[in-house]
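Student: I should like a close look at a single part of this protein, namely its sheet and what surrounds it. Please take me through it in one connected account.

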Amino acid sequence: MDKKDCLIIKKIIKKQNKIEYDYEANGKWKELLNMDEKMYIEYDMNIEKVPDSIAAVPFLCNVLPISFVFNLGIFVDEIDKSFYECIPEVKKGYIKIHPKIPMLGKIQTKRIIENSYTKKTTGALFSGGVDATNTLLQHIDEKPILLTLWGADVTLDDESGWNIVKKHHISVAKEYGLEYSFMRTNFRSVLNMSALTNYVFEKENGEWWHDFQHGIAILGHIAPIAYLKEMKTLYIASSNTIESRGIIACASDPLIDNYLKFASCKIIHDGYEFNRQDKVHNICNYLDKTNKKHIPLRVCWKSSGGENCCECEKCYRTIIEIIAEKKDPIDFGFNLTEDKRKKMMKRMPKIDLVKYNFANYYSDAQKRFLENYTEEETPSDLKWFRIFKMKNEKPKYVNFFERTLKKIKKAVKRIIIRK
Ligand SMILES: [Zn+2]
């Protein structure tokens, strides 16, 4: 491997709770990384005892998809054995999800280090939404450590947004007697996202962060914590199901996540067998079988006050899913006042579900709704939902025309961004 085209990790600086990476980008790497910023992560615990071979994992996971897609080399002095050995399997997952793109690239190292420990704890990446809450409750007996990255969905400049997330997660952890851990990371901004997306957009209409990056890059951040806490299993909640395979190319998929390993920790892409309505069903069931009065969900990304706004599509969707289970949305963190409910029932039937790819969610909710309510039991403001048509019933030529127009619009947007 020629170092001229390699990304070389020169030094991993570990100081108290912070890991910083000093690296040299050569050749094509210079175009694909944002060279004005070096990657760092701040943990909420001292990480000085983490060996370099583990401390390298978050950085390597962040750049590995680039190495695969662009056939580029990475050089690092020391690498964790489990992680090094899982890379060919992870690559196979990428090949299955993106069959049009050859996955190549190579990692070279001087030393492969075995980092094993007696397995003790489990961890779960946590966002507070339906997927993550389902995973948490399904594995609550294992007392998972709740793990959240600031810098993934919430940007680093959005301090008030982050404080809301943090407050919610701490209260969930307290409610269930769990440990939690937060980290602050600039992993997204060290990549040249527009160059990466432009490339995969040309190849397969793709988008870098969602289709290639987020799963592995987020999971990699947990390696130092896994080492310190002797973690045996790390859960990442699924957003998709087997039905979406081949339709949605998502970087977080069992074909990738379940093969990723570091030290003595294995990853489980959890809940793939459940659709969103099933997950809401599981959460409602948990409420029934325990003495809990509330299970607050945090699904809304629109509200600045931190509560679910009860006015956006995501809130509407979750509210209707909860109602379909014959439960009260108020018990799940939705302050659905009479006024808001009225507004919702007026607006909802007009949302173009097909346009936003939401139709499946609503047809699952409708199915459950029809199972749970007879005509007489149906609340008067929800009669419309019994007969609401989810599927796109426009004539075929209209669909074709709309799809083509959308493609042209997307392509023009890309050209403008590139200029
Ligand atoms: Zn909302």
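Tutor: In this predicted model, strands β7 and β8 pair in the parallel sense, over five bridges. One of the residues involved is L147, whose bridge partner in β8 is S181. Between the two strands the chain passes through helix α5 (residues 159-176), and this β-α-β crossover is right-handed.

β7 also pairs with β6, again in the parallel sense, here over three bridges. A124 has L146 of β7 as its bridge partner. The connection from β6 to β7 runs through helix α4 (residues 130-138), and this β-α-β crossover is right-handed.

β7 itself is mostly covered, with six of its six residues buried. I145, L147 and L149 point one way from the strand, whereas L146, T148 and W150 point the other way; all are buried. In a regular strand the side chains alternate between the two faces of the sheet.

On its own far end of the pairing, β8 (residues 180-185) meets β3 (residues 40-42) in the antiparallel sense over two bridges. There E42 has R184 of β8 as its bridge partner. These strands belong to an open sheet of 11 strands with mixed pairing, in the order β5-β4-β1-β2-β3-β8-β7-β6-β9-β11-β10. The edge strands are β5 (106-113) and β10 (261-262), each of which pairs on one side only. Helix α3 (residues 81-97) packs on the sheet and touches β4 (73-80), β5 and β10; its direction makes about 140 degrees with that of β4.

A further helix, α7 (residues 208-220), lies across β6 (121-125), β7 (145-150), β9 (231-237) and β11 (265-270). This helix runs at about 150 degrees to β9.

β9 offers a useful residue to examine, T233. T233 counts as partly exposed because 18 C-beta neighbours lie inside 10 Å, and a residue needs 20 or more to be buried. Leaving aside neighbours within four places in sequence, T233 is in contact with T122, C265, K266 and I268. T233 and K266 are 33 residues apart along the chain, yet their C-alpha atoms are separated by 5.1 Å.

The nonpolar interior can now be considered. The largest nonpolar core has 81 residues, and those with the most contacts inside it are A56, L60, L125, L219, A226 and L234. Helix α2 (residues 52-70) gives the most to this core, with 12 residues. L60 touches I74, V76 and G220, not counting residues up to four places away in sequence. Apart from this core lies another, of 22 residues, among them I283, C310, L353 and F385.

Finally, the wider setting. The domain assignment gives domain 1 (3-120 + 132-139 + 142-270) and domain 2 (295-387). The centres of the two domains, taken over C-alpha atoms, are separated by 34 Å. H281 is found in helix α10 (residues 276-289). H281 is buried because 20 other C-beta atoms lie within 10 Å. H281 and A132 are 149 residues apart in sequence and 14 Å apart in space, C-alpha to C-alpha.

Technical notes: Residues numbered from 1 in each chain as written. Predicted model: local features only at pLDDT ≥ 70, side-chain atom pairs only at ≥ 80, totals over all residues. Domains from an automatic or database assignment. Helix = DSSP H or I, 4+ residues; strand = E, 2+ residues; numbered from the N terminus. Buried ≥ 20, exposed ≤ 12 C-beta atoms within 10 Å, placed from the backbone. Pairing = 2+ DSSP bridges. Contact = placed C-beta atoms within 7 Å. Axes fitted to C-alpha atoms, helices over the stretch in contact; angles between N-to-C directions. Right-handed = clockwise from strand over helix to strand, strands pointing away. Core = buried A, V, L, I, M, F, W, Y, C linked by C-beta atoms within 7 Å.
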